[in-house]
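Colleague: I am new to reading models of this kind, and I would like to hear, for each term you use, how you know that it applies. Could we go through the structure step by step?

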Amino acid sequence: MASEIYGFEEYFGNTIPDFYSSQGFYTKLTTDLYHIREISIGNADTVANVFEENKDAVVDAVVDVYLNKKAEIIKNELTYAVENYDESYFNYEYTADAVDIPEPVTSQTNSEPLTDKNGNPMPRNVEAAKKVLESCEGLEFLDYSALVRQSAFTETEFHYSYTLNMSPNYGYCIINFSNYDGYNLGKNEIKTLFLSQYLDINSTEVGNAESHYYNSLDVLENLNVLKYFIIDNSGNTLTNSENATETKFINSCTASPVYICLDESGFRHSTLTEKMKNVATDALSDIKGSKIYVYIDDDLLYNTKDTYSFMYSAYMNMLDNTATTTITVAIVSLLLSLAFFIALMCICGHKKNTDCCSLAFIDKFPTDIHVLISLGSIAFLTYIGIFYSILALESTSEAYNKLYYIYGPTSIATYFTIVFLIFTEWITSTARIIKSSQKYTANMLTRKVFLIISRINKRILSGIKKSLSVFRYKPKKMQKSIIWLTAGYFSINSILALSIYILTMHIYEPMLAIIAVVLFIVFNCVCIIMLSEYFINLDKIIDASCRHESVNFNNKNIPQSLNILASNLTNTKEALNEAIEKAVRDEQMKTELITNVSHDLKTPLTSLISYSDLLNNCNIEDETAKKYIGVIHNQSIKLKRLIEDLIEASKVSSGNVTINATILNLSELTIQVIAEFSPEIEKNGNEIIFNEPETAPSVFADGSKTYRILSNLLSNAKKYSAAGTRIYISVYRENNNSVFEIKNISSEPLNISPEELTERFVRGDKSRSKDGNGLGLSIAKDLCILQNGNLELSIDGDLFKAKVILPTEEK
Amino acid sequence: MYKILVCDDDEAILESVCIYLKNEGYEILTAKDGVEALEIIKNNELHCLILDIMMPRLDGLKTTIIIREKYNFPIILLSAKSEDTDKITGLSFGADDYVTKPFNPLELVARVKSQIRRYSTLGSMQKSANTLVTGGLELNRDSKIVTVDGDEVKLTAREFNILEYLMLNMGKVLSSTQIYETVWNEVAFHTEKTVTVHIRNIREKIEINPKEPKYLKVVWGLGYKIDKI
């Protein structure tokens, strides 16, 4: 056939093969040679003759074989009977009576009766069988066929039969024995039987030979190009060449480009390919006694009806019209397509009026899927093409072949076109993506999937890591045995569950299964009770810790971890209680200290004041003494004030005062304070100027403490104001606070920072010439802070400004 | 001759107080602690007791409680404790006055005088219906006379009206605006200072120590009040 005609190899190989080397020619010739072989073997008459000639020899041989086989079978059965004799075998007695022991055997039964291994006498037939085995050889066993009735040995009867297969053409004869009841048949009967069967085979084989013969003859007669001349072993001549003699045909034969001759001088042939030579040898070499001459008529083109000529013309057409032009066209097309391909690569992706490369819709599709679809469709088309090509190539149908010749090239062209289009589509898409400077891998589905998977993987890994870290934790205070207890609990449970499963499902042991179930329940109950106890104790501890009580366990038998927890809680509680008690005690001590100190200081001071006053009233003449007494009296009064202030300062700074805050009218308070101080201030030659606001600001503060603050400030102003200056006082709202502001001009330069002024025992005048103890501002500041307010001082040259800031509302 | 018992564990104070009181012509008994004092009280008829709070054996407060079971002569407590709560405790236990150490001896003498006067002369005096009284302070609305421990005090008409208004609303805190609007019978506008000045004047007239007023008290940031004693 013509598959190789289109092969790439043959077009571009060294030579274009001639028709006689083509595959199509070779296949056709092979079939025809087998037909020639068929007719050269001979017709029905010759086959029948062969059978007839060999009849006696074959049947005799078959009978011999059969009888030998039969004797062997009988011998085997006897051997079996003797060797496998068993007293318990129930059929012995019955069959023993039925057996008629032949003469040759009985004549030898003078000796003592045989016994089995236990000393019991053997049944007679077995005894006989033993004797037959000892005395007979070869075909002699056939005489004792009666001995080996099947019922004597086995319950079922075996019927031995045979089949005879013979094929004279191929020279074999097979006899198969099976199920044939032929023990009682004589030699002649068997021979007759085989003979009849031989004749049956004969007729079948002759019929077959005849049909083959005429079939082949029929095929060969339709051939015009293939010429044959056969002289079979009967001397009959068969040929499709008219008026040809042997010598004449041999001459024509050797003139042909392809010929094969087989005669008494051997196997001669034209220069055939190696393949062809092998096929010819296979088909014809074993033909014996026949002469065969075959050749291909050179005049192929004029025998239009012949298959050879049809094939030849198709082949030559191909060579003439297609081969050369196709090559040229192919090369030109290749060049053209290359040029167009380059052009396509250059222009693809460019739209009208745009410079940059734009992507088509398909380019947004995942690139790897795109490749897969393209490759897949190409592979699918290729598969279909190959499938149908094979179908057409392997078919012997004429119609299929013709279809293949006509549509084959078109189909191939279509195939390549489609493949090319798919490829072009893909390559332009790729070109557009690359030209648009987008990463080709960016759109890959694989990449995205990989990224997602790796992300999920990471999450899973971290999850596993996290959960594994549980196992890495080493209990710090829990008993180490808790791990073994947990492991033990699970393993015992698993073992019990497994044993229940095995006992119920695999080994049916109801008692054991019930015991296992009971054990399982009891074990779990015990564990649950222990666990509950643990949690009850834990709950007790938590409850006690909430109520700040110590935990007392009546039962000492509690886990170590809980013990630690409980004792720690108790310790903590005790420590806390101690700390609180200490704090309370300290506070009490501090208060007591202040009270006691004040008492111990005040008592002698009272006497000091009283006696200095009494001294003053004494009738003392000495003026100097009077002056000294006056100094003592004044200083004791000053000391009294200092002690009072000191005690108050210590109380205030330690927060040891109670604040009874209410809403106060700051304006009213200011006026009340001014009223207290104005006589003394005016005595000093200063003037208070109070700018009363339209709406009085209120403060949330303790009245007497606030009075103390304001009076301290006013007393400061009184003490340190320069003579003849005015003291300005104002009250106002500022955000959420009310402010009392006092400004005065200091008589001394203020070489001190406002922060220092609120320190205890610090005074603006370094000379300490004025009376004052430096506690006033400190007390005022502390009182302000105690009432959620503040005291701000500022110094601008000689201008001293103090701002009392107090909240307007309760916080 | 009024008999006064001075009870203090500090001898110096005891002696100085005795000197001042003897100068005033009182007969003085002394005790070192509460037990001694109780012993003396049992054997003498007293007119006034000056009692220190912090004393050994039996302190002043306990002594006061025991004394008040039987006697009603005035008791003046002396103490180094100057907290308001201490004063309130002392007064509520039955004391009549409270003087904090270190005290001005003359002030103590004045307070003793005042207590004795009240105890001896005013205790049984008939009071007219229109007289307002708190402690030793009396205000007669008909005669327009104000007396402190029996001594008449000279007040101006405004001062009298203010004191009368305060005493009529005894125990209530009255703001300077309220006082002004009632007394002056005008709408108050930046007049607090006026009221304050008058109040100060009244205090100087009726109080023994105006810095620590007994009757007319300043409620800082709210106003003024007179408490019922």
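**How each term is earned**

Modeller: Let us begin with one pair of residues: I231(A) has T237(A), a residue of β4(A), standing opposite. Please keep in mind throughout that the model is predicted.

Colleague: What makes β3 and β4 of chain A a pair of strands?

Modeller: Strand β3(A), residues 226-231, is joined to β4(A) by 3 bridges, and the two run antiparallel. A pair needs at least two bridges, so β3(A) and β4(A) qualify.

Colleague: Which strands belong to the sheet around them, and in what order?

Modeller: The sheet is open and has 5 strands, which follow one another as β4-β3-β7-β5-β6 in chain A, with antiparallel pairing. In chain A, β4 (237-239) and β6 (266-269) are called edge strands, since each of them pairs on one side only. On average, neighbouring strands here are turned by 10° against each other, if direction is ignored.

Colleague: How do you know that helix α2 of chain A packs on this sheet?

Modeller: Helix α2(A), residues 23-41, touches β3, β4, β5 (259-263) and β7 (291-296) of chain A. Touching requires heavy atoms within 4.5 Å, and on that ground the helix is said to pack on the sheet. The direction of α2(A) makes about 25° with that of β3(A). Another helix, α8(A) (residues 187-221), lies across β3 and β4 of chain A and runs at about 140° to β3(A).

Colleague: Let us turn to the second sheet. What is its strand order, and how are its strands paired?

Modeller: This open sheet of chain A also has 5 strands, ordered β9-β11-β12-β14-β13, and its pairing is mixed. The edges are formed by β9 (687-691) and β13 (790-796) of chain A, each paired on one side only. From one strand to the next, the twist averages 15°. Between β13(A) and β14(A), which run antiparallel, there are 7 bridges, and with at least two needed, they count as a pair. Within β14(A), K803(A) is the bridge partner of E792(A). Two helices of chain A meet this sheet: α19 (residues 666-683) lies across β9, β11 and β12 (737-745) at about 170° to β9(A), while α22 (residues 776-786) touches β13 and β14 and makes about 140° with β13(A).

Colleague: Why is the meeting of E734(A) and K803(A) called a salt bridge?

Modeller: Their side chains come to 3.6 Å, taken from N to O, and the cut-off is 4 Å between a Lys or Arg nitrogen and an Asp or Glu carboxyl oxygen, so the pair passes. E734(A) belongs to β11 (residues 726-734) and K803(A) to β14 (residues 799-807) of chain A, which means that this salt bridge ties together parts 69 residues apart in sequence.

Colleague: What does F690(A) touch, apart from its neighbours in sequence?

Modeller: F690(A), a residue of strand β9(A), is in contact with several residues beyond four places in sequence, among them S667(A), T670(A), I674(A), I729(A) and V731(A). I674(A) is 16 residues away from F690(A) in sequence, and their C-alpha atoms are 8.8 Å apart.

Colleague: What makes N735(A) unusual, if most residues other than glycine have a negative phi?

Modeller: N735(A) is not a glycine, and yet its phi is positive, at about 55°. This residue sits in the loop between β11 and β12 of chain A.

Colleague: How do you know that the peptide bond between K101(B) and P102(B) is cis?

Modeller: The omega angle of that bond is about -5°, and the bond is cis. P102(B) is placed in the loop between β5 (97-100) and α5 of chain B.

Colleague: How many residues does each chain bring to the contact between chain A and chain B?

Modeller: Chain B brings 33 residues and chain A brings 36. About 3,100 Å² is buried between the two chains, with carbon and sulfur atoms giving 59% of it.

Colleague: And what charged pairing is counted between the two chains?

Modeller: There is 1 salt bridge between chain B and chain A. R203(B) and E676(A) have their closest N and O atoms 2.6 Å apart, and that distance falls within the 4 Å cut-off, so the name applies here too.

How values were computed. Residues are numbered from 1 along each chain as its sequence is written. Chains are lettered from A and ligands numbered from 1 in the order in which they are written. This is a predicted model: local features need pLDDT of at least 70, side-chain atom pairs count only at pLDDT 80 or more; totals for chains, interfaces and linings use all residues. Side-chain values use heavy atoms; hydrogens and water are left out. Helices (H or I, at least four residues) and strands (E, at least two) are DSSP runs, numbered from the N terminus. Axes are lines fitted to C-alpha atoms, for helices over the stretch in contact, and angles run from 0 to 180 degrees between N-to-C directions. Buried area is the accessible area (1.4 Å probe) that two parts lose on being put together, summed over both.
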